[in-house]
Amino acid sequence: MELADIADKDMWVSKFKRLTADLEDVSRQKAVLAQNHKWRDIENLPKPDKLVFETWNAIPDIYVNMKKYALGVLSIFGSTYVCEQVFSNMNFIKNKHRTRLTDDSLQSCVKMKVTAYSPNVQMLCAEVQEQKSH
């Protein structure tokens with residue numbers, strides 16, 4: 001019933017049509033920027049998953065079952081992708097040439113591989129106290 005009701009409302013139909021247009025526009029912009037090798041500008045584009053989740057979150061709570069089902073389906077693919085990515089990285093790290101790799105060191109290597117942490121080397125170097133010769 002919720003699906004029929006939401007499909008009958010022009011406001012929500014237009015919102016999802018606008019979402020489709022926005023997603024196509026982001027893909028088009030991404031392709032143009034990649035073709036011109038403007039990788040930093042690609043990072044500034046809106047994230048497609050964020051656009052989708054914002055649209056579904058904007059739907060009122062009277063469509064609670066619709067929202068719950070949609071968000072459940074949308075989250076399946078993201079979590080599966082993350083699991084596959086971690087497993088692939090783990091298999092790459094744990095190869096036949098690393099025979100002495102312990103579980104703790106494997107866990108540390110996987111964390112370093114999948115974490116987007118980037119230390120501020122300039123600040124760390126500025127904080128280090130110089131060693132003076134005697």
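# A tour from D49 through helices 2, 4, 5 and 6

Start by selecting D49, which at 48% relative accessibility counts as partly exposed, because that value lies between the 20% limit for buried and the 50% limit for exposed. The model on screen is a predicted one. D49 has its place in helix 4, and a useful second selection is G78, since the pair is 29 residues apart in sequence yet 9.2 Å apart in space, taken from C-alpha to C-alpha.

**Helix 2**

Next select residues 10-35, which form helix 2. This helix has 26 residues and reaches 37 Å from its first C-alpha to its last, close to the 38 Å expected at 1.5 Å a residue. Show the side chains of W12, L19, V26 and L33, which are buried in helix 2; the buried residues of this helix pack against helix 1, helix 3 and helix 4.

Following helix 2 comes H37, whose phi is positive, near 60 degrees, a value to note here in a residue other than glycine. H37 is found in the loop between helix 2 and helix 3, the latter being residues 39-43, and with a relative accessible area of 59% H37 is exposed.

**Helix 2 against helix 4**

Now display helix 2 together with helix 4, and look along the two axes, which come within 10 Å and cross at roughly 175 degrees. Helix 2 and helix 4 are therefore roughly antiparallel to each other, because an angle over 145 degrees counts as such. To see the contact itself, select W12, K15, F16, L19, D22, L23 and V26 on helix 2, and P48, L51, V52, T55, W56 and A58 on helix 4. Coloured by class, the residues of this contact of helix 2 with helix 4 are 10 nonpolar, 1 polar and 2 charged.

**Helix 5**

Move on to residues 64-93, the 30 residues of helix 5, which should span 44 Å at 1.5 Å a residue; the end C-alpha atoms of helix 5 are 43 Å apart, which agrees. Which residues of helix 5 are buried? They are M66, K67, A70, N89 and I93, and the buried residues of helix 5 pack against helix 1 (2-8), helix 4 (48-58) and helix 6 (103-114).

**Helix 4 against helix 5**

Keep helix 5 in view and bring back helix 4. The two pack at an angle of about 165 degrees, with their axes 10 Å apart, which makes helix 4 roughly antiparallel to helix 5. Helix 4 passes helix 5 in a left-handed crossing. The residues to select for this contact are V52, F53, W56 and N57 from helix 4, with M66, K67, A70, L71 and L74 from helix 5; by class, the contact of helix 4 with helix 5 has 7 nonpolar, 1 polar and 1 charged residues.

Within this contact, centre the view on K67, which is found in helix 5. Is K67 buried or exposed? With a relative accessible area of 11%, K67 is buried, because the value is under the 20% limit. Not counting residues up to four places away in sequence, K67 touches W56, N57, I59, P60 and D61, so that a selection of K67 with these residues shows what surrounds it, W56 and N57 being residues that helix 4 also gives to its contact with helix 5.

**Helix 5 against helix 6**

Finally, travel along helix 5 to where helix 6 packs against it. The axes of helix 5 and helix 6 come within 10 Å and cross at roughly 125 degrees, which makes helix 5 oblique to helix 6. The crossing of these two helices is right-handed. Select V86, N89, M90 and I93 of helix 5 with L106, C109, V110, K113 and V114 of helix 6 to see the contact; the residues of the contact of helix 5 with helix 6 divide into 7 nonpolar, 1 polar and 1 charged.

End the tour at N89, which lies in helix 5. At 13% relative accessibility, N89 counts as buried. Leaving aside its neighbours within four places in sequence, N89 is in contact with K113 and V114, both of which helix 6 gives to its contact with helix 5.

Conventions: Residues are numbered from 1 along each chain as its sequence is written. This is a predicted model: local features need pLDDT of at least 70, side-chain atom pairs count only at pLDDT 80 or more; totals for chains, interfaces and linings use all residues. Side-chain values use heavy atoms; hydrogens and water are left out. Helices (H or I, at least four residues) and strands (E, at least two) are DSSP runs, numbered from the N terminus. The expected span of a helix is 1.5 Å times one less than its number of residues. Buried means under 20% relative accessible area, exposed over 50%, partly exposed in between (1.4 Å probe, protein chains only). Contact means heavy atoms within 4.5 Å. Axes are lines fitted to C-alpha atoms, for helices over the stretch in contact, and angles run from 0 to 180 degrees between N-to-C directions. Angles under 35 degrees count as roughly parallel, over 145 as roughly antiparallel, 65 to 115 as roughly perpendicular and the rest as oblique. A crossing is left-handed if the near helix is turned anticlockwise from the far one by less than a right angle, and right-handed if clockwise. Ala, Val, Leu, Ile, Met, Phe, Trp, Tyr, Cys and Pro count as nonpolar, Asp, Glu, Lys and Arg as charged, and the others, Gly among them, as polar.
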